Amino acid sequence: MKKKYPNVELTIEKIAAEGRGIAKHDGLIYFVEKAIPGDVVDTKIKKKKKDYAIAQINKYVKKSDDRIESVCTHFGTCGGCYWQNVAYEKQLAFKQQIVVEVLKKIGRAEIENTLPILGANPTFYYRNKMEYTFSDRAWLTDEQIQSEESFDRRALGFHVAGSFASVLHIDACFLQHKTADEIRNSIFQFALQNDFSFCNLKTNEGFLRNLIIRNTKTNEWMVTVCFAAHQQENIQQMMQHILNNFPFITSLNYIINTKNNDTIFDQEVINFNGRPFIIEQLKNIQYKISTKSFFQTNSYQAENLYDVVVQFAQLKHTDIVYDLYCGTGSIALYLANQCKQVIGIEQIEDAIVDATENASLNKIDNATFYVGTVEKILDEHFLEQHPKADVVILDPPRAGLHEKVIETLLVALPKKIVYVSCNPATQARDIQLLNTAYKNVQAQAVDMFPHTYHIENVILLELME
């Protein structure tokens, strides 16, 4: 039987990783979900260990002066925005604090020059990709449940945290341009008018499954509808409705996915109208983006992030650059005209296809890309067969660098390493291992996702003499 603990009133003092508030009480450190410094909260203990506990807010005794009113009616139920009710300048301060403390505690890192976090502009309507789920099990509020009324449970929106089968219906979202709301709501209403069935996420039965909407700074739009059944007449009706009402869509596509999961990387994308891709532009580089392509979901900040990489790297036209975990080659292509050669490695084959096509699109002939995991491709044989790297760009997944990659870097010993990370904790762990040969020269956090606790951090490492 799960042990029950009495509620505890806590005063939140600091912010920890993943946006949890920190409080101290009776010799224990408490991590409190969704709490910020200045909050005084009555909390329910979820887990208790010898020297720490994890708690959730039961009620506010006093709210922090840094709290503001959220703009979205879905905030609090939808998990997309964690800090929408916190002043943006405070969000930036929290993120800067998280990065500095994680580097110090985990990486024991002394950074010669820690630059202020680079804030986002805009802070709303900044995402270039959103994915929505059709469900026949709409999330109901406590008030709706207690009313005992019957509701049409069809919904088009986001999964509710902790309840995979339920979807919160979304009327308006402040993360992507308002045009996305118009497209999504029109599709939803057309589905209701024609009594199309929505998927049951447990049984996988139903017709409508997912909706993906992408856009670019250059105002190109891509819409991809995922159906769960081969109902060609209904598919044609839906796709024609979208085309008739939104003729400006650059790329209109659909997928028929009858599997038990929503992944589309093994599915055929059928182009219904327009091009099978859209084009984004960062500075003078164009990127061709298809339905399956990975691309930074904040184009505005992606440009700023890549500028930080370029600034840290201080490339010369004679430099050889390795871009490890290069994805679709977005960073490699961004800096290709500033170096002699760039070599990218990425394990996802479709991403390398995109990288190669984008190199051709931009007439870049000094970029070469290899498919495979970095730890397997980057070995002694690879180093012997390729020119020595002067600069290495690292942008690994959240898990950070494989230990073999660190070992190889300590053999290759490039003059500079520019490490881009979406997880400061694993970044801190890795730079500690690299500090046997490298010093930490500069660091700068970049806020790619306002109103969330997610952070990108860039660190420049230089080889010690």
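**Charges.** I began with the charged side chains of this predicted model, and I found 49 positive and 56 negative ones in the protein. I then looked up where the two sets are centred, and their centres lie 5 Å apart.

**Surface and interior.** I next asked how much area the protein exposes, and the computed value is about 21,900 Å², of which carbon and sulfur atoms supply 49%. Turning to the interior, I noted that buried residues make up 54% of the 465 residues.

**Overall form.** I looked up the extent of the C-alpha trace, which spans about 75 × 65 × 40 Å along the principal axes of the protein. For a compact globule of 465 residues I would expect a radius of gyration near 23 Å, and the protein has 24 Å, which agrees. I counted 11 helices and 23 strands in the protein. I also checked the contacts between residues at least 6 apart in sequence, and 63% of these join residues at least 24 apart.

**Cysteines.** How many disulfides does the protein have? A disulfide is a covalent bond between the sulfur atoms of two cysteines, and for the count I needed the cut-off that the two sulfur atoms lie within 2.5 Å. By this rule I arrived at zero disulfides. I looked at Cys199 to see why, and its sulfur is 10 Å from the closest cysteine sulfur, in Cys226, which is too far for a bond. Cys199 is also buried, with a relative accessible area of 2%. I then turned to Cys339, which is in no disulfide either, since the nearest cysteine sulfur, that of Cys326, is 13 Å away. Cys339 is buried as well, and its relative accessible area is 7%.

Definitions and conventions
Residues are numbered from 1 along each chain as its sequence is written. This is a predicted model: local features need pLDDT of at least 70, side-chain atom pairs count only at pLDDT 80 or more; totals for chains, interfaces and linings use all residues. Side-chain values use heavy atoms; hydrogens and water are left out. Buried means under 20% relative accessible area, exposed over 50%, partly exposed in between (1.4 Å probe, protein chains only). Helices (H or I, at least four residues) and strands (E, at least two) are DSSP runs, numbered from the N terminus. The radius of gyration is taken over C-alpha atoms; the globule rule is 2.2 Å times the number of residues to the power 0.38. Contact means heavy atoms within 4.5 Å. Accessible areas come from the Shrake-Rupley method with a 1.4 Å probe; for residues, only the protein chains shown count as cover. Lys and Arg count as positive and Asp and Glu as negative; His and the chain ends are not counted. The place of a charge is taken as NZ of Lys, CZ of Arg, CG of Asp or CD of Glu.
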